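Work through the exercises below with the sequence and the model open. Try each task before reading its solution.

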Amino acid sequence: MIHDLIGRKDEIRRLDNCMREDRAQLIILYGRRRIGKTYLINEYFHGRFDFKITGSYKEKKEIQLYNFAEELSGHIGETVHPPESWPVAFQLLRKYLSSLPEQEKCVLFFDEFPWLDTAHSGFLNAFSHFWNDYGCSRHNMVCIVCGSATSWIVNNILENKGGLFNRQTCSMYLQAFSLSHTEEYLRSRGMEWSRYDIAECYMIMGGIPFYLSLLSPEMSLSENIDNLFFRKRSELWNEFQQLYRTLFTNSDQYIRIVEALSTRRTGLTRNELLEKTGFPDNGALSEKLQDLIVSGFVGVTSQFGKKKDAYYQLRDYYTWFYLRFIKDHNGRDEHFWAHSTGSPSKYAWAGLTFELACRDHIRQIKHRIGISAVLTEESVWSVRGNEDEDGAQVDLVIDRKDHVIDLCEIKYSESEYLIDKGYDMTLRSRRESFREHTKTKKTVQIIFISTYGLKQNKYSGLVSGQVVLDDLFAQVE
């Protein structure tokens, strides 16, 4: 049943609401490539549409119009010659739709919508006129616009100041699976992996359904990763270039940005990015950063107490994995991932990406420590060292409206984590340094987030609350 589709209950509920409405619906569905947008719509409507067209990547207007005519011919049952322009194409579509019964829902699906809008084609203006002059007045009309070029969708439709201004009746940004949904999906395909392995898989693929669909239940996790990423000419050997190329014009400039961000786990300021990338300080960098942010590849993290000091952080798991392990690998070892077990590089990567996973599951963390209903702001904090004082850094600061600040220590390990005397002194010093430098009057406490929790000893009492890996798998509304 479509209502059992993993991880998409909210989207299905919203589609149900749109289908019940007795007025025209313009539904915008967007999100990262490989996230499952087309699959969701095809499954929901069982592949039955009154008209459907899929844009072709970097094809000329003439090819797009030829594809349009072919699709329309299939619905009408007779040959439609390719129209000479998009206005003519939409006139043909309008004529066909007017012949359909008005008492039944009329469903149109424009997949990879941005790819239809080739340079100087006039597609977007023609579509706007079609919708404003015809579609929006048809009470039974349901039009789904879908696209992976998220920044294009935001700039040209959701924030459109022209003919499509405020025309959408429903917009949905499709997100990656959570850890819980990743586990549910893998189990549905016969993979009864441990949560430790599922978390590692998530830290590589980021809960992207298409990537997860390539995993084989007949292989272990490490065998799967070697097979998909490190075997010569494997399924995902050229995914990185293809991913950025199909999402962004001048993709090499966006790649320069994410490569620069990958040099520091905590992120870079705008000025630091200008220095590392060599972009001119004329707004071009800000525009590209915004594209990466709305597409989910980059996140903005604030420094505690300094909201104007924004740090841009690479947040895409696959990009991190590619830049750390695949980019310079060149097929040297087809069993690289199995052979890297216990290596310092893998351990450092795991620590970084586990922090990202924790940030992406902040609701689960708040639920575990009992503050789901409390308003919070999340940030990082650091202070540079000098001759008189060591530097300090906190991975995640949860500033709570109930007059408490949680300093979260995040540790990825293969067993219970042991706080020894030296680390106990470090934690106490870090907490006092935070109090001194921020001048906060709130209660400051330490929360420990780890894979398997703390090993109890005389130092573990310093920690006010714990979150373990299992807690991140909770389904929290």
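**Exercise 1. Place H46 and H403, and classify their exposure.**

Step 1. H46 sits in the loop that joins α2 (37-44) to β2 (51-54). Helices (H or I, at least four residues) and strands (E, at least two) are DSSP runs, numbered from the N terminus. This is a predicted model, in which local features need pLDDT of at least 70 and side-chain atom pairs count only at pLDDT 80 or more, while totals for chains, interfaces and linings use all residues. Residues are numbered from 1 along each chain as its sequence is written, and side-chain values use heavy atoms, with hydrogens and water left out.

Step 2. H46 has a positive phi, near 55°, and is not a glycine.

Step 3. H46 counts as exposed because its relative accessibility is 51%. The classes are buried (under 20% relative accessible area), exposed (over 50%) and partly exposed (in between), with a 1.4 Å probe and protein chains only.

Step 4. Turn to H403, in the loop between β9 and β10. Its phi is also positive, about 70°, although H403 is not a glycine. At 45% relative accessibility, H403 counts as partly exposed.

**Exercise 2. Check the length of helix α20, then describe its ends and its cover.**

Step 1. Helix α20 covers residues 421-438, which is 18 residues. The expected span is 1.5 Å times one less than the number of residues.

Step 2. That gives 26 Å, and the end C-alpha atoms of α20 are 26 Å apart, so the two agree.

Step 3. Look at the start of α20. A side-chain oxygen of D420 comes to within 3.3 Å of the backbone nitrogen of G422.

Step 4. Look past the other end. K439 follows α20 and has a positive phi, near 60°.

Step 5. List the buried residues of α20: Y423, D424, L427, R430, R431, S433 and F434. Their cover includes the strands β8 (376-383), β9 (392-400), β10 (404-411) and β11 (443-450).

**Exercise 3. Describe the surroundings of V467 and D471.**

Step 1. V467 belongs to strand β12 (residues 465-467). V467 is buried because its relative accessible area is 0%.

Step 2. Collect the contacts of V467 (heavy atoms within 4.5 Å). Leaving aside neighbours within four places in sequence, they are I365, R368, I369, I447, F448, I449, S450 and L472.

Step 3. Compare sequence and space for V467 and D395. They are 72 residues apart in sequence, and their C-alpha atoms are 14 Å apart.

Step 4. D471 lies in helix α21 (residues 469-472). D471 counts as buried because its relative accessibility is 17%.

Step 5. D471 touches Q364, R368 and Q466, not counting residues up to four places away in sequence. The side chains of D471 and R368 make a polar contact at 3.2 Å. A polar contact is a pair of N or O atoms within 3.5 Å; within protein, one must be able to donate a hydrogen and the other to accept it, and residues adjacent in sequence count only if both atoms are side-chain atoms.

**Exercise 4. Which residues of the largest nonpolar core touch the most other members?**

Step 1. Define the set. A nonpolar core consists of buried Ala, Val, Leu, Ile, Met, Phe, Trp, Tyr and Cys residues joined through side-chain atoms within 4.5 Å.

Step 2. The largest core has 98 residues, and M205, F229, Y244 and F321 touch the most other members.

Step 3. Take M205. Not counting residues up to four places away in sequence, M205 touches Y211, L212, L215, I225, L228, F229 and Y317.

Step 4. Another core lies apart from the largest one; it has 39 residues, including C106, L108, L124 and W152.

**Exercise 5. How many disulfides does a search of the whole structure find?**

Step 1. Set the cut-off: a disulfide is a pair of cysteine sulfur atoms within 2.5 Å.

Step 2. The search finds zero.

Step 3. Check C106. Its nearest cysteine sulfur, that of C143, is 9.2 Å away. C106 counts as buried, at 3% relative accessibility.

Step 4. Check C136. The nearest cysteine sulfur is again that of C143, 11 Å away. At 29% relative accessibility, C136 counts as partly exposed.
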